[in-house]
Amino acid sequence: MKKKISTVAFAGTPEQEEKLKAVIDANKHNKSRLMAVMQEAQEIYGYLPEEVQNMTAEGMDVPLEKVYGVATFYAQFSLAPKGKYNISVCMGTACYVKDSQSLLDALSEKLGIGIDKCTPDGKYSITACRCIGACGLGPVLTVNDEVYGRLTADDIDGILDKYQN
């Protein structure tokens with residue numbers, strides 16, 4: 001699945017930049033630490049926007065293409081911000097054959113966003129993932145670390161209601 005680049009304006013703080021620079025300074029003499037630096041950068045910012053990739057590439061003295069290549073190859077990295085409530089719908093085989101696509105469609109319609117997007121208020125984001133290991137409960141979605149199983153599209157409103165306040 002191709003990763004989407006965020007269309008949300010970058011809103012990093014000076015404090016975040018200072019933290020990233022400290023991480024880079026501690027690792028810049030060892031290019032093999034690039035992935036570790038990128039993991040720390042994502043911890044600091046929540047995702048890896050172009051601006052953070054540029055800072056990382058310059059600080060680690062590696063081509064931007066290498067940073068981007070690592071960010072898009074490994075599933076742990078995100079190029080788009082996640083919402084306060086990240087909703088991840090399992091699209092593994094067991095869930096897919098039990099119609100997990102209808103869950104994605106319902107979420108997208110209710111929230112007005114697509115996969116790998118975040119609502120303008122930063123409250124919700126939607127991702128599609130591969131098997132999460134709860135095949136017997138399929139179709140399954142998670143909201144952050146909370147698992148919901150044996151769902152239909154009709155269950156989406158009730159789940160979203162839990163996170164409204």
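User: Is Asp25 buried, exposed or partly exposed, and at what relative accessibility?

Analyst: This is a predicted model in which local features need pLDDT of at least 70 and side-chain atom pairs count only at pLDDT 80 or more, while totals for chains, interfaces and linings use all residues. Residues are numbered from 1 along each chain as its sequence is written, and side-chain values use heavy atoms, with hydrogens and water left out. Buried means under 20% relative accessible area, exposed means over 50%, and partly exposed lies in between (1.4 Å probe, protein chains only). Asp25 is therefore partly exposed, at 44%.

User: Which residue does Asp25 meet in a salt bridge?

Analyst: A salt bridge here is a side-chain nitrogen of Lys or Arg within 4 Å of a carboxyl oxygen of Asp or Glu. The N to O distance for Asp25 is 3.5 Å. The partner counts as partly exposed at 34% relative accessibility. That partner is Lys28.

User: What separates Lys21 and Glu17 along helix α1?

Analyst: Helices are DSSP runs of H or I with at least four residues, strands are runs of E with at least two, and both are numbered from the N terminus. The side chains of Lys21 and Glu17 meet in a salt bridge at 3.2 Å, N to O. Because the two are four residues apart in α1 (residues 14-27), the separation is about one helical turn.

User: How many residues apart are Lys31 and Asp61?

Analyst: Lys31 forms a salt bridge with Asp61, with the closest N and O atoms 3.9 Å apart. The pair links distant parts of the chain: Lys31 lies in the loop between α1 and α2 (34-45), and Asp61 in the loop between α3 (50-60) and α4 (64-73), a separation of 30 residues.

User: Why is Cys90 not bonded to Cys95?

Analyst: A disulfide is taken as a pair of cysteine sulfur atoms within 2.5 Å. A search of the whole structure finds zero disulfides. The sulfur of Cys95 is the closest cysteine sulfur to that of Cys90, but it is too far for a bond, at 3.6 Å.

User: Which strands stand at the edges of the sheet?

Analyst: Two strands pair if DSSP finds at least two bridges between them. The open sheet has five strands in the order β2-β3-β1-β4-β5, with mixed pairing. Each edge strand has a single partner, so one side is left without a neighbour in the sheet; these strands are β2 (117-118) and β5 (146-148).

User: Which residue in β5 stands opposite Leu141?

Analyst: Strand β4 (residues 141-143) and β5 run antiparallel, joined by three bridges. Opposite Leu141 in β5 stands Tyr148.
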